[in-house]
Amino acid sequence: MTWVGQRLPRLEDPRLLAGKGRYTDDIEVPGLLHAAIVRSPVPHGELRGVDTSEVDVPGAVVLGPAELAEVVVGRMPIVWHMPGDFQVDRPLVDGRVRFVGEPVAIVVAADRYAAEDAAERVYVEVDELPPVVDVRSALEPDAPLLYPGRSDNVMSRWETGDTAEHTDAVFAAADRTTSFRLDIGRVSGTPMEPRGIVAVPEPDGRLTVWTSSQAPHAVRDTLAAATGTPQHRIRVIAPDVGGGFGLKDHLYEDELMACVAAIRLGRPVKWVEDRYETLVATHQARGETVDVEVAYDLDGRLRGLRLRAYRDAGAYLAHFGGGPLFTMSGMVPGAYTWEAVRTEAAVVATNTTPTGSYRGFGQTQAVFVVERAVEVVARELGIDPVVLRAANMIGPDQQPYATRCQPVTYDNGDYGAALLEAQRLAQAWPEPPDDGRLRGVGYSSFVHMAGVGPSQGNPHVGLDVGSWESAIARMEPDGTVRLFVGTSPQGQGHATTFVQLAADRLGVDVADIELVHSDTDRSPYSAYGTAASRAIAVGGGAVVEATSALGDRIRRIAAEMLEAAPADIVLADRKATVAGTNVSLSIAEVARRAWQGWALPEGDEMPGLECRFAYDPKQYTFSYGTHVSRVAVDPATGVVEVERYAVVLDCGTLVNPTIVEGQVHGGVAQGLGAALLEEIVVDGDGQPRATTFLDYLLPVSASVPDIEVVLTETPSPFTPGGMKGMGEGGTNGSFACVVNAVAAALPAEAARDLVTPLTPSRVWHRLTGRS
Amino acid sequence: MKPAPFTYLDPPDLDGVLHALAEHGDDAAVISGGQSLLPLMNLRLARPEVLVDPRRVDGLRGVTVTDDAVVVGALTTATELLESPAVAAALPGLSQAVACVGHLQIRNRGTIGGSVAHADPSAELPAVLLGCDGEVVLRSSRGTRTVAAADLFDGPFSTTREPDELLTEVRFPVPPGRSGWDEVARRPGDFALAGLFAAVDLADGVVRDARLAFSGLGDRPLRAVAAEQVLLGRPLDATAVDDCADAVVAELAPPDDVHATGAHRAALAAALVRRLLPGLT
Amino acid sequence: MSPSPPARAVTFTVNGAPTTVTVEDRTLLSDALRQGAGLTGTHVGCEQGACGACTVIVDGLAVRSCLVLAVQADGTEVRTVEGVAHGAALHAVQESLHRRHGLQCGFCTPGIVMSLVAAREAGTGLDDALDEVLGGHLCRCTGYVNIRAAIVDAWQGAEGSEVAR
């Protein structure tokens with residue numbers, strides 16, 4: 001019996017179900033003060049300071065830019081730089097405000113109610129400047145500049161893939177070319193738990209910080225750099241985290257302000273975001289315009305793909321800089337063979353909320369672009385889009401496959417098989433009723449680069465941090481185990497899956513193992529944290545190696561104690577047994593011996609029972625799949641219902657298939673939401689218009705049909721344990737899939753230039769041909 | 001976000017409530033279920049200095065159904081109204097509309113009187129009241145008056161209720177014939193992009209009375225009077241329904257906003273006519 | 001300087017235990033439970049009534065504790081997620097969510113548990129539980145598929161069984 005592969009109900013559930021979860025806002029310490037943030041009411045201006053003369057809340061303290069600058073002597077790092085990026089880090093406040101909602105000051109009081117009373121009496125003194133609120137305006141020659149030392153609002157620009165000359169030649173040689181534009185709407189990841197932080201100055205002079213974060217070490221490092229505090233004097237702990245999805249991958253300015261307040265006042269300070277603040281200040285995502293050109297032959301062969309892509313960065317580059325758009329441009333070839341793929345990309349600043357990481361990190365958009373290209377070409381040729389895909393897919397015998405966007409090289413996989421399996425699932429769907437609604441079936445096939453990633457390559461792409469992971473496996477004298485990892489869960493079930501991996505290699509029960517994570521004092525270093533579908537592949541890889549090594553040592557010591565050969569020792573059911581006999585010891589007895597430290601085998605004399613392994617992947621992992629959906633579009637109203645949905649996903653080793661399915665379900669819902677419902681809107685004055693859950697519409701249960709998930713398992717040849725990252729495999733496919741299904745129900749000409757989300761208004765206008 | 005400071009009063013009887021409203025005037029707001037008011041207060045978009053809660057007053061809850069009207073005490077919750085089979089039988093359009101209000105958990109506290117008084121242009125109940133030619137009873141220390149729905153809603157989130165008046169009762173006269181409600185929402189439970197309360201009375205095979213009251217198409221509920229006229233004296237067949245739908249589009253001119261264009265909303269109104277009317281024969 | 005806001009004592013029963021908290025008039029029930037009574041199992045996700053994370057049961061009805069003033073709850077019976085399980089024994093609703101992987105990050109879960117517990121006790125049918133009851137909750141992690149499966153389990157498994165309460 002192995003633990004890996006079992007659909008084990010999660011070990012962390014009973015606590016969470018009983019309301020015993022401990023999220024950041026649940027943290028209480030004696031003497032706690034509560035904060036509210038003062039935010040810029042205008043989108044652009046010179047910040048002169050704050051006027052606190054009308055604050056009338058007893059005991060409230062305001063820290064404005066001047067007070068903050070006394071503590072924040074350093075800068076907040078940005079960890080991914082494209083060539084030519086000027087913004088490699090940022091100060092906390094630099095004399096300008098650049099978006100409505102930008103944090104300017106912090107108010108601390110006895111409770112949150114009082115802090116808000118005080119905060120609304122703090123007046124932000126700003127000399128307003130004209131704003132630019134969209135990329136096109138920001139690129140106008142006489143546009144107001146967010147960074148006056150620069151000549152324009154371009155934050156980052158690059159080209160990937162083939163040269164212009166080669167691409168032009170391929171386009172010229174092809175039978176036909178076609179073009180269309182995609183406006184990918186801006187979204188907000190909105191985990192159900194808002195951001196939050198509790199900063200506690202300790203009696204010994206250290207600072208303990210509790211925060212809802214995906215990357216406690218990144219938070220610590222930024223906090224240390226910004227305040228000039230040595231890293232070893234800061235402890236960052238992420239307690240239970242209610243969802244992250246990328247946007248909790250770094251320390252934010254408002255969170256930093258809460259830490260500054262704690263440091264300056266010598267008192268613990270808690271700040272928790274409210275939902276208005278989520279929708280205005282938490283980093284958003286996407287907001288891209290892509291002009292797509294496709295070159296193809298009349299027999300259906302895809303030849304060239306050329307993109308001009310812009311991303312709205314918002315007011316400044318986020319923690320991972322231009323990473324999402326860069327990733328899009330690298331993964332846009334998709335599952336197909338092309339002769340030329342070229343992207344010219346630019347990230348442009350506007351006076352809006354910054355955009356950063358969100359599940360998919362550019363791969364959702366890459367899949368969207370190439371899968372729309374396939375659908376548009378198929379429609380122009382009048383052939384079945386499934387046939388067109390299959391004819392152009394990279395075959396399993398062509399793997400490993402070096403795409404046109406080096407250094408991306410896929411590892412293994414049969415993309416066509418996944419496509420055909422998805423088609424079989426769709427063909428089994430019952431015919432829809434004749435209810436006057438238009439039906440559309442859409443597919444999306446994709447390759448998912450995950451398991452980020454080989455650290456050796458990072459400096460070459462401008463990434464300042466490593467992307468390896470380590471694990472320490474320590475068996476206590478009684479045979480129970482503590483497993484220390486650098487990654488952090490926000491609902492992915494690490495406390496179960498990592499423990500399953502370890503239990504198999506140690507011969508103990510899952511109940512005997514505790515996962516220790518998300519505490520910079522105890523967890524091994526991880527600058528990247530949980531992101532990029534890397535935890536089970538990279539973190540799990542480290543766990544596999546560390547626990548395998550520990551298991552080997554247990555076998556050697558047991559062999560010594562049992563006078564057998566280590567190769568004959570089997571670890572299972574909490575026992576070390578000589579194979580083929582009933583001669584055994586409990587693993588606890590072996591552990592006790594290891595910690596006693598005597599009579600240990602030759603070469604293994606160092607006492608103790610703990611192994612560390614740092615795993616730096618040599619390759620990314622590439623999982624793949626196909627999504628298929630059917631939508632019903634009401635022509636009278638434009639309302640779209642997703643009626644049917646199926647996913648075929650090839651993963652690496654499936655540690656816990658139920659948890660994998662859950663990740664797919666949630667990712668599908670997020671892609672569906674972005675395709676149909678979710679839209680961040682900023683008006684011409686730079687004022688956010690989607691500021692509550694009544695405007696920003698998340699999928700509800702009725703929005704998401706039951707999802708058929710077929711998982712296949714192709715272990716990675718590289719990852720210890722064979723895992724491949726898949727956490728984004730749901731969202732990467734679903735955005736394109738749902739849009740393709742709706743587009744299939746629209747007239748061809750109305751399905752070329754698309755704007756997402758496909759709201760009822762947009763759909764209705766396209767169906768009726770009215771502008 | 002947390003609400004701004006206020007004083008909460010829950011007087012033990014009606015006189016106490018009316019006295020508190022008279023005393024505080026514009027500085028006070030009435031809170032009943034709080035399901036519309038508290039979201040605004042939690043954003044500090046509404047900041048009354050005094051909240052007057054009538055929850056201890058007797059006689060403001062309950063539903064009475066007669067042949068002529070459904071009379072609802074203002075503090076009756078949406079859930080309580082939905083639990084009345086008599087309402088569902090007498091005025092199905094009302095029950096169907098209330099079933100669309102928010103979510104179950106909101107309906108457990110939200111009141112009929114509160115929803116009418118809140119006058120959200122996208123809300124169901126003001127449109128139903130208008131469609132029934134209904135009225136509300138307003139009481140103050142100055143006396144009691146009855147206000148017809150047509151005179152009650154005077155703008156977005158605005159009624160002609162004076163600050164010192166308490167809405168105590170909502171009367172829905174039952175229109176002749178059959179009634180129904182339908183709406184188009186982005187997601188179930190959302191504020192509708194457009195909603196329709198319709199009632200049609202057929203006699204000798206032709207329409208004798210028709211009501212069409214819409215939510216979500218303007219700054220207050222709207223009666224499509226001209227479109228109602230188009231149905232009179234005709235059988236309720238597909239042609240009549242189509243003509244009526246076209247007339248609705250011509251008569252109402254909804255504005256563009258964040259959620260939908262005006263042209264789209266007009267189309268939604270027409271779609272609702274086509275969806276709802278055929279079932280009212 | 002304006003004076004400190006006046007405080008008042010509010011008494012209600014929470015999970016069967018009489019509880020008095022000191023609150024301002026404006027204190028939301030969600031905050032009174034979380035800070036005043038120290039019961040942090042009820043979570044705050046929007047303070048608009050839209051997400052459902054704060055759902056508790058007041059006098060038998062599932063309501064949004066962010067849209068109830070603590071003073072309005074004076075004299076009522078309040079039940080929160082901490083009072084649902086019996087020691088280590090999970091309620092049928094909780095057990096079903098566990099078996100079906102109907103939670104991931106767990107933040108929205110207590111509100112869903114309370115709505116489902118109230119529905120079970122009110123005799124709500126399965127269709128309404130799936131549509132009307134779950135329809136009042138937002139979840140960002142699960143995509144709802146497994147939550148629906150858990151509801152089916154809890155309703156079908158509990159027909160006449162002792163596990164249901």
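Tutor: In this predicted model, the largest cavity holds about 100 Å³ of space.

Student: What makes this space a cavity, and which residues lie nearest its centre?

Tutor: It is called a cavity because a 1.4 Å probe fits there but cannot get out. Its lining comprises 14 residues, and those nearest the centre are Pro77(A), Arg90(A), His250(A), Leu251(A) and His319(A).

Student: How is the lining of the largest cavity divided by class?

Tutor: Eight of the lining residues are nonpolar, four are polar and two are charged.

Student: How many cavities of 30 Å³ or more are there?

Tutor: The count is ten.

Student: Turning to the chains, why is the pair Arg34(C) and Asp26(A) called a salt bridge?

Tutor: The closest N and O atoms of Arg34(C) and Asp26(A) are 2.8 Å apart. The cut-off for an Arg nitrogen and an Asp carboxyl oxygen is 4 Å, so the pair qualifies as a salt bridge. Between chain C and chain A, five salt bridges are counted.

Student: Which elements of chain C give two or more residues to the side that touches chain A?

Tutor: They are α1 (29-36), α2 (92-99), α3 (109-122) and α5 (145-157) of chain C. The largest share, four residues, comes from α2(C). By class, this side of chain C has 20 nonpolar, 18 polar and nine charged residues.

Student: What area is buried between chain C and chain A, and how many residues does each contribute to the contact?

Tutor: About 4200 Å² is buried between them, 57% of it from carbon and sulfur atoms. Chain C contributes 47 residues to the contact and chain A contributes 56 residues.

Methods
Residues are numbered from 1 along each chain as its sequence is written. Chains are lettered from A and ligands numbered from 1 in the order in which they are written. This is a predicted model: local features need pLDDT of at least 70, side-chain atom pairs count only at pLDDT 80 or more; totals for chains, interfaces and linings use all residues. Side-chain values use heavy atoms; hydrogens and water are left out. Contact means heavy atoms within 4.5 Å. Buried area is the accessible area (1.4 Å probe) that two parts lose on being put together, summed over both. A salt bridge is a side-chain nitrogen of Lys or Arg within 4 Å of a carboxyl oxygen of Asp or Glu. Ala, Val, Leu, Ile, Met, Phe, Trp, Tyr, Cys and Pro count as nonpolar, Asp, Glu, Lys and Arg as charged, and the others, Gly among them, as polar. On a 1 Å grid over the protein atoms alone, a cavity is a set of points where a 1.4 Å probe fits but cannot get out, and a pocket is an open set with protein on both sides within 12 Å along at least five of seven lines; lining residues have an atom within 4 Å of a point. Grid points are joined across faces, edges and corners, and a volume is the space filled by probe spheres set on the points.
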